[in-house]
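Grab a pencil and work through these exercises with the model open beside you. Each one gives you a task, then a solution you can follow step by step.

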Amino acid sequence: MTAPTSPLPPRRKLFIKTYGCQMNVYDSARMADVLAPQGFVSTPTPEDADMVILNTCHIREKAAEKVFSDLGRLRSMKTARRNGQDMMIAVAGCVAQAEGAEITARAPYVDILVGPQSYHRLPELVARADRKNGAVVDTEFPSEPKFDFLPAPRAEGPTAFLSVQEGCDKFCTFCVVPYTRGAEYSRPAVDVLREAQGLVAAGVREITLLGQNVNAYHGDAADGSTWGLGRLARALAEIDGLLRIRYTTSHPRDMNDDLMAAHRDVPQLMPFLHLPVQSGSDTILAEMNRQHTRDDYRRIIDQLRSYKSDIALSSDFIVGFPGETDADFKATIDLIEEITFAQAFSFKYSQRPGTPATAMKKHVAEEIKSERLAIIQALIDKQLDAFNESCVGRELDVLLTHKGRHDGQIVGRTPYLQPVYVTAEQTQIGKVARLRITEVATYSLGAEFVDAHAA
Ligand code: SAH
Ligand code: SF4
Ligand code: F3S
């Protein structure tokens, strides 16, 4: 049997590889959207692709280096082709923005370099690259927001990301984001609501609002006022069919009362918050230019818990920041013990070009960073296990999101963002089911339906 032929055969196959944060995941989907009218269709592997986009991350050295090794592999793939098919190679995202010159020097076979704020111009860049030898570069921060030029996103399953805020004005001394993503910008509230309505009409039940500093959101509203994230969440909660709202990543300084109170008032706002603190030492927090203290962080958590007692917390930690002593590190460990997180991420400090911390004295030795990382990760894992164990026997509302690896298995997520596996019909995908948690597996939970007929 032959596959049915479509009236308009796809002209070019597009493979996108995404590194880094959720904003890049969102951007990659939008790059595919913006290229679709040009006849680009997605393909799952680079081998047969006419165009490959690496949507890159510059946050730590390893992430950036990975791009160059992947580029090397793509080049071999491209030159090994015997069928005359070309492979256009584009580097997008934060490495393209920060290391454009290095990429064109080290990988002259790259056809397009495009920054995170200018990828709405991809169709034009592709047309130019078709005509030209050598890289076509667009890494400016355009005055027009890219969002005004992107087609409405397509829904893929019951969960979706929605970027509401971009960029960062905080300039933590270790971080490249203010340089790669540019200044803070908030999308107008009407645009966000329209995008959310479109997603919900297409079957989305959970939206995660994204921003490098998502809770710094201050979008223009239709009535001429400015909305914060709390107000936006309240308006989104009015959309019929939108069952769950999340947001990430937040900064402690922007955790205002209205947003915290929204956790009490808006049932759709899930009881989970990723709030990076980076360190528990006031000395290090000051050196990092975080502009908050350990006590500020504690107070925020206390207030959040007074509004929503079951809120589950997540954070990011950096170990081995320049000048971090044993006592500073112990202060971080103490803070983790005191707050208790449901999950958290921890990283060894990585020197990034152009950031102030790179020039600081007293860099911490690699072995000490590794030792501290092992200690902090063991503690975080212990807290994650304890949190998961505490859910066993409880009944939780789980949004069933997609098929699992095994037949008959569906994966979902709890209000606290834990992945859950359950035996259920595929028709259940997109529904919120009441499940009894039966066991803890590796980084996930097993569950059964409370009402057996519902499966
Ligand atoms: N906007 C977010 C985080 C963005 S980057 C915030 O303000 O918290 C995600 C995480 O990467 C950070 O929270 C930090 O823990 C880590 N990170 C950023 N720069 C880093 C560096 N130079 N070395 C190690 N980790 C880093
Ligand atoms: Fe980076 Fe700090 Fe901005 Fe977060 S707040 S993106 S860590 S500079
Ligand atoms: Fe990485 Fe850029 Fe995101 S540096 S973490 S992809 S904002």
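**Exercise 1. Work out the order of the strands in the open sheet and say how they pair.**

Keep in mind that this is a predicted model.

Step 1. Walk across the open sheet: its six strands come in the order S2-S1-S3-S4-S5-S6, and the pairing is parallel.

Step 2. Now look at the edges. These are strand S2 (40–42) and S6, each of which pairs on one side only.

Step 3. Going from one strand to the next, the twist averages 20°.

**Exercise 2. Zoom in on S3 and S4, and find how many bridges join them.**

Step 1. Strands in a sheet pair through backbone hydrogen bonds, and they can do that in a parallel or an antiparallel way.

Step 2. Strand S3 (residues 51–56) and strand S4 (residues 88–92) run parallel, with five bridges joining them.

Step 3. For a landmark, find Met51, which stands opposite Met88 in S4.

Step 4. Add the helix: H2 (residues 61–80) lies across strand S1 (12–18), S3 and S4, and runs at about 175° to S3.

**Exercise 3. Classify the ring pair Phe147 and Tyr185, then say which parts of the chain it ties together.**

Step 1. To describe two aromatic rings, you need the distance of the centres and the angle of the planes.

Step 2. A search of the whole structure turns up six aromatic pairs. For Phe147 and Tyr185, the values are 6.4 Å centre to centre and 10° between the planes. Planes under 30 degrees apart count as stacked, so this pair is stacked.

Step 3. Phe147 sits in the loop between strand S6 (136–138) and strand S7 (159–163), while Tyr185 belongs to strand S9 (residues 185–186), so the pair ties together parts 38 residues apart in sequence.

Step 4. Check the accessibility: Phe147 has 8% and counts as buried, whereas Tyr185 has 28% and counts as partly exposed.

**Exercise 4. Do the same for Phe321 and Tyr349.**

Step 1. The ring centres are 5.5 Å apart and the planes are at 75°, so Phe321 and Tyr349 make an edge-to-face pair.

Step 2. Phe321 is in the loop between strand S15 (312–319) and helix H12 (326–339), and Tyr349 is in the loop between strand S16 (343–348) and helix H13 (366–391). The pair links distant parts of the chain, 28 residues apart.

Step 3. Both Phe321 and Tyr349 are buried. Ring pairs link these two and Phe174 into a cluster.

**Exercise 5. Find which arginine lies over the face of Phe347, and which over Trp227.**

Step 1. Over Phe347 you'll find Arg60, at 3.7 Å from the ring centre.

Step 2. Over Trp227 you'll find Arg231, at 4.2 Å from the ring centre.

Note on methods: Residues are numbered from 1 along each chain as its sequence is written. Chains are lettered from A and ligands numbered from 1 in the order in which they are written. This is a predicted model: local features need pLDDT of at least 70, side-chain atom pairs count only at pLDDT 80 or more; totals for chains, interfaces and linings use all residues. Side-chain values use heavy atoms; hydrogens and water are left out. Rings of Phe, Tyr and Trp (its six-membered ring) pair if their centres lie within 6.5 Å; planes under 30 degrees apart count as stacked, over 60 as edge-to-face and the rest as tilted. Helices (H or I, at least four residues) and strands (E, at least two) are DSSP runs, numbered from the N terminus. Buried means under 20% relative accessible area, exposed over 50%, partly exposed in between (1.4 Å probe, protein chains only). A charge sits over a ring if NZ of Lys or CZ of Arg is within 6 Å of the ring centre and within 35 degrees of the ring normal. Two strands pair if DSSP finds at least two bridges between them. Axes are lines fitted to C-alpha atoms, for helices over the stretch in contact, and angles run from 0 to 180 degrees between N-to-C directions. Contact means heavy atoms within 4.5 Å.
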